[in-house]
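Here is a short report for a first-year reader. Keep the structure in view as you go.

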2 protein chains.
Amino acid sequence: MKFIHTGDWHIGKKLNGFDLLEEQRYAFEQLMKLADLEQVDGIIIAGDLYDRSVPAVEAVELFNQMLIEMNLQAKYPVFAISGNHDSATRLETGGPWFEALNFHLHTRLEQAFTPVEFGNVQLYLLPYFEPFEARQYFKDDRIRTIEGAMASVIEEMRQSFQEDKQQVLVAHFFVAGSETSDSETKVTVGGLDVVPLSLLRDFDYVALGHLHYQRALTKGNARYSGSLLKYSTSEVNQPKGVWLVEVGAETVFDFVELPFLRDLQVLEGDFATLMAPSFYETIQRDNYLAISLTDRGVIPNVMTQLRTIYPQIIQLERAFGRDVKQASRNTTEAIQVTSPTALFANYFKETTGEPLSPRQREWLDDEISEIERGSQ
Amino acid sequence: MKFIHTGDWHIGKKLNGFDLLEEQRYAFEQLMKLADLEQVDGIIIAGDLYDRSVPAVEAVELFNQMLIEMNLQAKYPVFAISGNHDSATRLETGGPWFEALNFHLHTRLEQAFTPVEFGNVQLYLLPYFEPFEARQYFKDDRIRTIEGAMASVIEEMRQSFQEDKQQVLVAHFFVAGSETSDSETKVTVGGLDVVPLSLLRDFDYVALGHLHYQRALTKGNARYSGSLLKYSTSEVNQPKGVWLVEVGAETVFDFVELPFLRDLQVLEGDFATLMAPSFYETIQRDNYLAISLTDRGVIPNVMTQLRTIYPQIIQLERAFGRDVKQASRNTTEAIQVTSPTALFANYFKETTGEPLSPRQREWLDDEISEIERGSQ
């Protein structure tokens, strides 16, 4: 069985105000061409179909159209889950009808335990979930983290494993040892919600979503598809595409890059160079550009002037900012790799001079889970 | 063929802050009981499924569940359209898959012209639409009103009429001569968007949505189902329920009232009476209540005191307000029966001393259509 493994489409995402619907539409068309060329048996989408829980109506329109083309017109079986950016309930609309035409969309934890039987492959579609949902499902109050939940989740999945078949897990979480980008809204990297790779070894392939870099994980039979497009300047050097996965006695997977309609690029240089035809004629000027100026002096109307040459500037900064700016940038970086629990614990200690007690920490974890849940 | 004709569900609607999901769930269950008892062949829902274009997640959850119970579990064919309160695009999600299981949901004008063939009945499902959509569809710039559009719409529908079959139209608009309630957001009653009953005579039955009063129209073979519940105090005396429609050589229809979980009621009286057990013990106190006090003096903490007896007061007013209040109430009533076009024309004349020219009026109609469109 041959699959395309994609994910993190984030339909409706904007890049500093620039609408990406055309680029997303183009990327989808490239994916469909590949599916036809490779005659795949199905398409796996590992969560974050939309960029937010209530997508704009234009995003809904594009996504509905994509589903129609993939499943109703081209007749590809589709195996999809909701991610942390999706509203599970909103995405769920139509789900029970989709199944009749081999479009399997799981949005609730309990759906993960009935595998989709597809030829010789059993697909377990595990949507993004919160620890409290696993606590309720397993009636086990000790489950406080995704890692803690995953042991039970996989134990239950194993009950339905058939020895003469292959098992594929589709999931949306952070696996220990992965590398991250800036656009994943992962407040808990390094925190409570990291799943050890060893837990996933029972599957012939694990199709992951959540991290936007397809090489975030390079060990075992688990892979991130990466995002459909470059969604932040930290992703400018990442190839984007899909995995072609052949699941059989052995699992074979290849990453296939897909071309962009408009790329995202960082330009660094002084103003005079950037404005010179000898330079800009070498540049694909309708790309989305993050420009870093090496000048130190004042340049009047700098953005307006640059935009006469480069219409789609999404970011403009000075490579040599003042010291203060550098400092604040460093602080931001330090914060990005810390979980909200750790942040609050630091703040608590700084303010009261005391560390959190175990009971306080437990209360904090519960509250933060609830807040994160509320923002879905 | 025997149908239930319902509409104007407005799932997610709140009554002055009170959530009605429980009441809506209950009304739906009564409808399903009737469907089973009467062994109907299908259920028609004539628009305004949701109360707003982006319903709350709880409303989505309830509505999804209702669809599953009606169509997937009880296996009733469902014939539905979007109304002016729905977002056509958002509601459309899943539509093409629904059809495979006899759930027909039309949200775009062009879908109206292919009838759903159902036994001996041809169902034309015409969603709520704006004049500009008809202009585009018919490539006819003269179409400026719903009335103007409807002549073309029905002309096109007639092309597919089969003589040996019955034709049913499902639509969501205002038919001339109907009576209105307060909760329909119909800014154009008496204005541009009134369809003459005579236009509808070619159908064996016209299942209408939009007006909340089921006796709004009592002529011909066209009926409003009325809303699922009482959604404003102007509806307190209206029975709520569904039409049982038998379409055959002759069309026979009966209105069946459905019981409420909690009714909406107006209480008028003086404070002392309302607070007396001899009075309130005769009242279903957990109903939603609009209270009109006949007292003229000051009553301290009046709402708090009343709520100790009547927990679900949605409105409190004085029957004998000051003169100023009465006047302003009268002005409001005068405005309610006027279209925005007429309002603006009055204002224009008052300010400039001149009536609108025909060209100005045309421009105004276009702008107002666009504004109304934008607020969907």
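## Aromatic rings and two copies

Phe255(A) is partly exposed, with a relative accessible area of 22%. This is a predicted model. The partner of Phe255(A) is Trp243(A), and the two rings form an edge-to-face aromatic pair. Their centres are 5.2 Å apart, and their planes meet at 70°. Trp243(A) is buried, with a relative accessible area of 8%.

Where do the two residues of this pair lie in the chain? Trp243(A) is in strand S14 (residues 241-247) of chain A. Phe255(A) is in strand S15 (residues 251-257) of chain A. They are 12 residues apart, so the pair links distant parts of the chain.

Chain B offers another such pair. Trp243(B) and Phe253(B) have planes at 85°, so this pair is edge-to-face. Trp243(B) sits in strand S14 (residues 241-247) of chain B and Phe253(B) in strand S15 (residues 251-257) of chain B, so the pair ties together parts 10 residues apart in sequence. Trp243(B) is buried, at 8% relative accessible area. Phe253(B) is buried too, at 18%.

| Aromatic pair | Centre to centre | Angle between planes |
|---|---|---|
| Trp243(A) and Phe255(A) | 5.2 Å | 70° |
| Trp243(B) and Phe253(B) | 5.6 Å | 85° |

How many aromatic pairs are there over all chains? The count comes to 39. Ring pairs also build a cluster from Trp9(A), Phe28(A), Tyr50(A) and Phe63(A).

Rings can also meet charges. The charged end of Arg296(A) sits over the ring of Phe320(A), 4.3 Å from the ring centre. In chain B, Arg296(B) lies over the face of Phe320(B), at 4.4 Å from the ring centre.

Phe28(A), a member of the cluster, is one of the buried residues of helix H1 of chain A. Others among them are Leu21(A), Ala27(A), Leu31(A), Leu34(A) and Ala35(A). H1(A) covers residues 21-38, which is 18 residues. From its first C-alpha to its last, the helix reaches 26 Å, close to the 26 Å expected at 1.5 Å a residue. Gln39(A) follows H1(A) and has a positive phi, near 45°.

Now take the two chains together. Chain A can be laid on chain B with an RMSD of 0.2 Å. The move is a turn of 180° with a shift of 0.1 Å along the axis. That is the relation of a two-fold axis. In chain A, Gly94(A) has the C-alpha nearest the axis, 2.5 Å from it. The same surface serves both copies, as 100% of the contact residues of chain A recur in chain B.

Methods
Residues are numbered from 1 along each chain as its sequence is written. Chains are lettered from A and ligands numbered from 1 in the order in which they are written. This is a predicted model: local features need pLDDT of at least 70, side-chain atom pairs count only at pLDDT 80 or more; totals for chains, interfaces and linings use all residues. Side-chain values use heavy atoms; hydrogens and water are left out. Copies are superposed by least squares on the C-alpha atoms of residues with pLDDT of at least 70 in both. Contact means heavy atoms within 4.5 Å. Helices (H or I, at least four residues) and strands (E, at least two) are DSSP runs, numbered from the N terminus. The expected span of a helix is 1.5 Å times one less than its number of residues. Buried means under 20% relative accessible area, exposed over 50%, partly exposed in between (1.4 Å probe, protein chains only). Rings of Phe, Tyr and Trp (its six-membered ring) pair if their centres lie within 6.5 Å; planes under 30 degrees apart count as stacked, over 60 as edge-to-face and the rest as tilted. A charge sits over a ring if NZ of Lys or CZ of Arg is within 6 Å of the ring centre and within 35 degrees of the ring normal.
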